[in-house]
Amino acid sequence: MSNTSNNVAGVDNTFRRKFDREEYLERARERERQEEEGRSKPKAKGPPVQRKPLKHRDYEVDLESRLGKTQVVTPVAPLSQQAGYYCSVCECVVKDSANYLDHINGKKHQRALGMSMRVERASLKQVQERFEVLKKRKDVGSFTEQDLDERILKQQQEEEEKKRLRREKKKEKKEKAVEEPEIDPDVAAMMGFGGFRSSKK
C-alpha cells in the first residue's frame, strides 16, 4: 500500500496551467508588428463633407400646441405618437420642450439637416446693406400717437366682443338649465313631491 502512494513520478497532479513561453512571445511580437503597421499607415478617409453654414429657421417651432393636454402612452405606439416631442428629421422623441429646443439647435440635428455649426462670415458690404434696410424700416414705420390710439381702440373692441360672447354662452346655459322635462303629476304624487326643483329660486 505504501508503494503505490510513493510512486507518483509519471502523474502530473499539480493542477497548474503550463504556458509555452515561446508561443506567447511570438504572439506578442506579431501584435507589436501589426500595431506598428497600423500607426505607419494613415487611415483612408474620404474627402471631408462640405456642409452648408448655419442659417435661420424658416418655420415656427410649435411648443404650446400640446401644452396642458393629457395623452395615453402605450409601449407599442410608433415614435411619432409617443409622449413628448417627436423630431421627424432625427426620428427621436424628446420628453420636454426645453430638451426639444436643445435638440433642434444641437449639432446632431443640424448635421442631419446638412448644416455645419459654423455661421457664414458676413462681409462689410452685407453688414452695411443690412443697416440700410433696418434704417428704412424704422423711418417708414415711425410710431405715431394715432397708431397707438387705433391699437388701443381695436384691443378694446376685441375685449368687448369676447365679453359679449361669454355673456351669450352664460344665457344659453341658464336657459337650458331652466327648461325642465315634463313630470307626470301621478308619478310626482306617488313619490311625494311636486317636482324636482329645489325650494330656493
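**Exercise 1. Which residues form a nonpolar patch on the surface, and in which helix does Phe131 sit?**

Start with the patch: Val127, Phe131 and Leu134 make it up, together offering about 250 Å² of accessible area. Patch members have over 30% relative accessible area and no salt bridge, with nonpolar side chains (Val, Leu, Ile, Met, Phe, Trp, Tyr) joined within 5 Å. Areas here are Shrake-Rupley values with a 1.4 Å probe, and a salt bridge puts a Lys or Arg side-chain nitrogen within 4 Å of an Asp or Glu carboxyl oxygen.

Next, place Phe131: helix 5 (residues 124-140) holds it, helices being DSSP runs of H or I with at least four residues, and strands E runs of at least two. Phe131 counts as exposed because its relative accessible area is 51%; exposed is over 50%, buried under 20%, partly exposed in between.

This is a predicted model, where local features need pLDDT of at least 70 and side-chain atom pairs 80 or more, while totals for chains, interfaces and linings use all residues. Numbering runs from 1 along each chain, and side-chain values use heavy atoms, without hydrogens or water.

**Exercise 2. Is Gln110 buried or exposed, and what does it touch?**

Find Gln110 in helix 4 (residues 107-112). Its relative accessibility is 7%, so Gln110 is buried. Leaving out residues up to four places away in sequence, Gln110 touches Leu54, Ile104, Asn105, Met115 and Met117 (heavy atoms within 4.5 Å). Finally, a polar atom of the Gln110 side chain lies 2.7 Å from the backbone oxygen of Ile104.

**Exercise 3. Where does Glu91 lie?**

Look in the loop between strand 2 (85-87) and strand 3 (92-94). Though not a glycine, Glu91 has a positive phi of about 55°.

Conventions: Buried means under 20% relative accessible area, exposed over 50%, partly exposed in between (1.4 Å probe, protein chains only). A polar contact is a pair of N or O atoms within 3.5 Å; within protein, one must be able to donate a hydrogen and the other to accept it, and residues adjacent in sequence count only if both atoms are side-chain atoms. Patches are made of residues with over 30% relative accessible area and no salt bridge: like charges are joined within 9 Å, nonpolar side chains (Val, Leu, Ile, Met, Phe, Trp, Tyr) within 5 Å.
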